[in-house]
Amino acid sequence: MNWISSFTIKILSLTTILLLGIGFSFKPIDKALFKKQITTRILTKEKKVIGRSFNDSQTKQDWESLREYPDFVSNIVIIAEDKRFLSHHGIDFLALSNSVYSYLFTKQKRGGGSTITMQLARVVYPEIRNYPLAVRKVFEFITAIRFEIWMTKDEILEAYLNSVSLHSNLVGFPSASLQLFGKHIRFLSIEETVYLTVLIRKNFSSDAEVEFRYNQLREKIPYQIPYLKNPKTLSLEFQKESPEEGNLKWKGENQHFLNWIRNLKVLPEEEFVSTVSSELNAEVHSIVNSELDGLRRWNVSNASALVLERTGNQTDELSLVAMIGSKNFFEEGNGMVNGTLAFRDAGSTLKPLLYAYAIDKNFYTINSIFSDEKYSFPIGLGGNYLPRNADLRYWGDITLAEALGNSRNIPAVTTIQKIGVPSFYQFLLSAGFHHLKESPSFYGPGLALGTGGASLFQLSRMYGSFLLGGVLPKIRLGYIKDTPYYYGDSKRLFSEETAEEIKFVLSDSKLRQRAFGRRSYLNFPFPVSIKTGTSKDFRNSWTIGFNDRYVVAAWVGNFSGEKTMDVSGSFGAGRIVQNVFRLFMNDKFKMNYTPKFTEVRNFCKLTGKSATDKCPSIALRVRKEMITPEICNKHQNGGESTVIGVGFVYPANGQVYLYHPSHAKEKQNIPIRIREIQSLKEPKLLWNQKEEIRISSNGEASVSIQRGIQRLELFDGIQKKASVQFEVK
């Protein structure tokens, strides 16, 4: 009885397996199953292949329609692999029985008699190779029948030709044709097809075996091809390249872009045609390395450059046409670091964005007056922030346009204090500065001077907003099947009027002459709006320039963060931007900017009011609808003097000083500086409402240090003009 029960169980098990197999066979085929390992060919604008995306198996696989293949490819593969492919239904029982007989009774040890359809089953389900032989074959049979039920012969053959493993990490005839012969599958020759077909059987042990099998297959096919002693001579791998060709191949100017695209995980498709030009990239790469040769003595070891281009009349997008991440991608150490994407202290590069935001929110206008004086700005927990200008000098009252054009730090910090650090922080986040992970208080007013950091790519995109009339552009990186692929979304950041005002300020070489001199790398023979940035201790040198067509950005420094020898933005990165712009504009019509929303008006440089012939005036482009300010009367002979900005430069209100008992008390006096002291007829300064302090003619004084809350009051006769309270601990 036991043997009967055991026999019954086996019968039931086999029946169950058979029924499951039949049910599985009638399950529809998802055609995406065959394309899950496709890798995207990544091409430059000139259709030059620079690399591929990655798949799980680290192979290279393309997919082409069977219509793209020459007819002889299918014929040769069928003759070599499965001569009854067109007549069987997934399993060739005659070939299978011959294979079994050969394996058992002859010394030829033929293969398993697998059909093309069965081989395709192993390709699609590679995990079955781990199954026992009998189980694996049953699975292959069932899967092959399933493929034959749901697919035509052409569909099976197309899947096989695109998926069969051939050589090294190449999968499918299309990828092998590109890699080994440098040509698309439609241009494959008969000899090359025979060679690839031989590679399907990759268990050969020597080149001699490849030669034998090649010529053996040559005798079977109905085509006349010459006998080859070494079929590998057909491939590019066999061809020797000259040293010059080798150097061109390994310059690596496209590699940083290639790796970035791979990391962005572009959807798997047959081809990704990028907007990056290999020709322009090579030229920019050459400029970067040429300039680095001259900067090496200033302890500069690396640089990065990036170019965005506006095509046609696009109003919300720019295209990435050049990206150089480092001087040499293949250099040991930091060569693979993509400097265009790395975050570093941004220096003064954020100032145009700060002023644009402040103008757009009606805090200031282009002719607003700032006091470029030594200030101590109170920050949280009783601390103070004491910014300094790069030249360690103070210019007094200047317009916003002059402050921006000459990159003065004090007015920038004054601006962010006025609009609020959190407001500017949120503005940067909305513009794509998502690396700012800390709270606004963490960065403080130093955010105006770039302490939050930025990348060259971020800055280029942001400056593109001025080119596009205040719209933050989406960046076109390429095309997938003629469909544009973008980085980011476009959005309006500020008005067209504001964008045009800032654009003209940054293009005015006379306006920045006081800080950068009459001749510098920031001056061009055609219109370019430009801004520099230099971080603390000259660790990072930035320059970003734009006109109506291009945004060109460069960074110079050391990837290690080591200091350079006083290399500023205008000198270091400015040289690269200068040469790149000259390259791009060499054959293009150099027209002046065409104003649309602005007009030129004259303002007094010290009051910001409409200038008279007595005023030290400045011509600025301001929006046409701006209400004309009242006429300045400060500089009219006999006219009534206008008092502006009377008050304390320092100490700042709420500032905290620390008394050090081990130092001489008289050496710890607290300095006082009063702005516009000359405008007061009877200036008087009271300390703690009882002691009068002597003031010099230029508004300077000091008081001895004393612990506790201290108060200073400034009077003009009996009229109080200003007061400040501070503390000594």
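Which residue of strand 6 does Leu43 stand opposite? In this predicted model, Leu43 stands opposite Val273 in strand 6.

## Pairing around strand 6

Strand 1, which covers residues 41-43, pairs with strand 6, residues 271-274, in the parallel sense, and 3 bridges link the two. Strand 6 also pairs with strand 14, residues 474-480, here in the antiparallel sense and again over 3 bridges. Val273 of strand 6 takes part in both pairings, since this residue stands opposite Leu43 and also opposite Tyr479 in strand 14.

## A sheet of three strands

Strands 22, 24 and 27 form an open sheet of 3 strands in the order 22-24-27, with antiparallel pairing. Its edges are strand 22 (647-650) and strand 27 (700-703), each of which pairs on one side only. On average, and with direction ignored, neighbouring strands of this sheet are turned by 40 degrees against each other.

Within this sheet, strand 24, residues 670-675, runs antiparallel to strand 27 and is joined to that strand by 4 bridges. Arg673 has Glu700, in strand 27, as its bridge partner.

## The surroundings of Asn409

Asn409 lies in helix 15, which spans residues 409-419. With a relative accessible area of 10%, Asn409 counts as buried, because the cut-off for that class is under 20%.

The side chain of Asn409 is joined to that of Lys351 by a polar contact of 2.6 Å. When residues up to four places away in sequence are not counted, Asn409 touches Ser348, Lys351, Arg388, Asn389, Ala390 and Leu449, so that Lys351 appears both in this list and as the polar partner.

Methods. Residues numbered from 1 in each chain as written. Predicted model: local features only at pLDDT ≥ 70, side-chain atom pairs only at ≥ 80, totals over all residues. Heavy atoms only, no water. Buried < 20%, exposed > 50% of the residue type's maximum accessible area, 1.4 Å probe, protein only. Polar contact = N/O pair within 3.5 Å; in protein donor to acceptor, adjacent residues only side chain to side chain. Contact = heavy atoms within 4.5 Å. Pairing = 2+ DSSP bridges. Axes fitted to C-alpha atoms, helices over the stretch in contact; angles between N-to-C directions.
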